[in-house]
Amino acid sequence: MKKLYRRKSFKIFAVTIAAVCVLAIVCFFCYPFLSSGINILTNGLSQVSAEVSENLNKSSYDELLEENQKLAEENAKLREQVADYYDLKEENQRLWKFYDIKKENPTYTYVPSTVIRRDSNADFYSFTIDAGTSLGISVNDPVITENGLVGIVSECDGSSSKVKTILSPEIKIGAVDSKTKDSGVISGSSRYCDDNLTMLTKISSENKIAEGDIIKTSGVGGLFPADIIIGQVKEFSFDDYDASKYTVIEPYEDIRKVSSVLVITDFNTKGQISLEKSDNSSDTKKSEKETSATEKPTDEPTAETTDEPTYE
């Protein structure tokens, strides 16, 4: 309002109105015959004053421009706040899910992380996360979500890690049917990976696995904790090369689109079975050495065996 009073146009308008009022009073008392002319003049001035008042109440172009700029800045801040709100909401939901996992498995040590890179040319949907050795992550650590097993850490540095998924045939994880207890090995295939499917291989010919059964990690080998959900049995098929039977497994997590994960860096049974095997192997070797010392050497050839490495 103060700006209105300071304007030059307002001052001119006020002086004009005052002059007209004085002229009207003088004419009314001193020159009555001029009253009609004064009335016409005052009516015209009333219209003019109304238009001037309307214009005076309107902001100037510069003021409108400044106000528009301020509104634009405020809108930008509000949009940023809304985006931050949804990011925080999503992060909060993710952390609550991870909290539930932690509550169900208090002996596990987790590192939550986010997928920062997914190479479109990468085979079997491998990805990179924003956590590495500085947070205790190491090669072969299991990677999961609230929906189940995703894969393992195949490479890592101080600040990032590469995850190889269970859709890859390079991954071999000991697994078991939670209902029938039939065991096998989870391994991916180029035949199924694009459909977010993997396989349970090396199953017994007398297995009782049925469609819809839940498949979990067996924990054998000490590399993975037991009872991590992998997926459910979708169908049965036969290998084209050796006619062996396997089951197609549908993971509960869409590994092709996963955006945040948990890396299990430690758990209470980690390496235990492997250590037990190592100890038993040492005892066996020692026993064999003692036995061979009492036996006569023979020239008979011995058969060599090779074992295929398996993530269990």
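**Exercise 1. Classify the cysteines C193 and C156 by accessibility, and state how many disulfides the structure holds.**

Step 1. C193 has a relative accessibility of 6% and therefore counts as buried. Buried means under 20% relative accessible area, exposed over 50%, and partly exposed in between, with a 1.4 Å probe and protein chains only.

Step 2. C156, at 27% relative accessibility, counts as partly exposed.

Step 3. A disulfide is a pair of cysteine sulfur atoms within 2.5 Å. The structure holds zero disulfides.

The basis of these values is as follows. The model is predicted: local features need pLDDT of at least 70, side-chain atom pairs count only at pLDDT 80 or more, and totals for chains, interfaces and linings use all residues. Residues are numbered from 1 along each chain as its sequence is written, and side-chain values use heavy atoms, with hydrogens and water left out.

**Exercise 2. Describe the aromatic pairs and the charge over a ring.**

Step 1. A pair of aromatic rings is described by the distance of the centres and the angle of the planes. Rings of Phe, Tyr and Trp (its six-membered ring) pair if their centres lie within 6.5 Å; planes under 30 degrees apart count as stacked, over 60 as edge-to-face and the rest as tilted.

Step 2. Three aromatic pairs are found in a search of the whole structure. In one of them, Y108 and Y110, the ring centres are 5.8 Å apart and the planes stand at 65°, so the pair is edge-to-face. Y108 is buried at a relative accessible area of 9%, and Y110 counts as buried at 14% relative accessibility.

Step 3. The rings of Y192 and Y246 have centres 6.4 Å apart and planes at 70°, so this pair is also edge-to-face. Y192 lies in the loop between β7 (183-187) and β8 (198-201), and Y246 in strand β11 (residues 245-251), so the pair ties together parts that are 54 residues apart in sequence. Helices (H or I, at least four residues) and strands (E, at least two) are DSSP runs, numbered from the N terminus. Both Y192 and Y246 are buried.

Step 4. Ring pairs link Y108, Y110 and F267 into a cluster.

Step 5. K245 lies over the face of F236, 4.8 Å from the ring centre. The criterion is NZ of Lys or CZ of Arg within 6 Å of the ring centre and within 35 degrees of the ring normal.

**Exercise 3. Trace the strand pairing of the barrel and of β6.**

Step 1. The chain has five helices and twelve strands. Two strands pair if DSSP finds at least two bridges between them.

Step 2. Six strands close into a barrel in the order β1-β2-β5-β4-β3-β12, with antiparallel pairing. Strand β1 (residues 109-117) and strand β2 (residues 127-129) run antiparallel and are joined by two bridges; R117 stands opposite T128 in β2.

Step 3. In strand β6 (residues 173-177), five of the five residues are buried. I173, A175 and D177 point one way from β6, and G174 and V176 the other way.

Step 4. β6 pairs with β7 in the antiparallel sense over four bridges, and I173 stands opposite I186 in β7. The two strands form a hairpin with five residues between them, and K181 in the turn has a positive phi of about 70°.

Step 5. β6 also pairs with strand β9 (residues 214-217), in the antiparallel sense over three bridges. Here A175 stands opposite T217 in β9.
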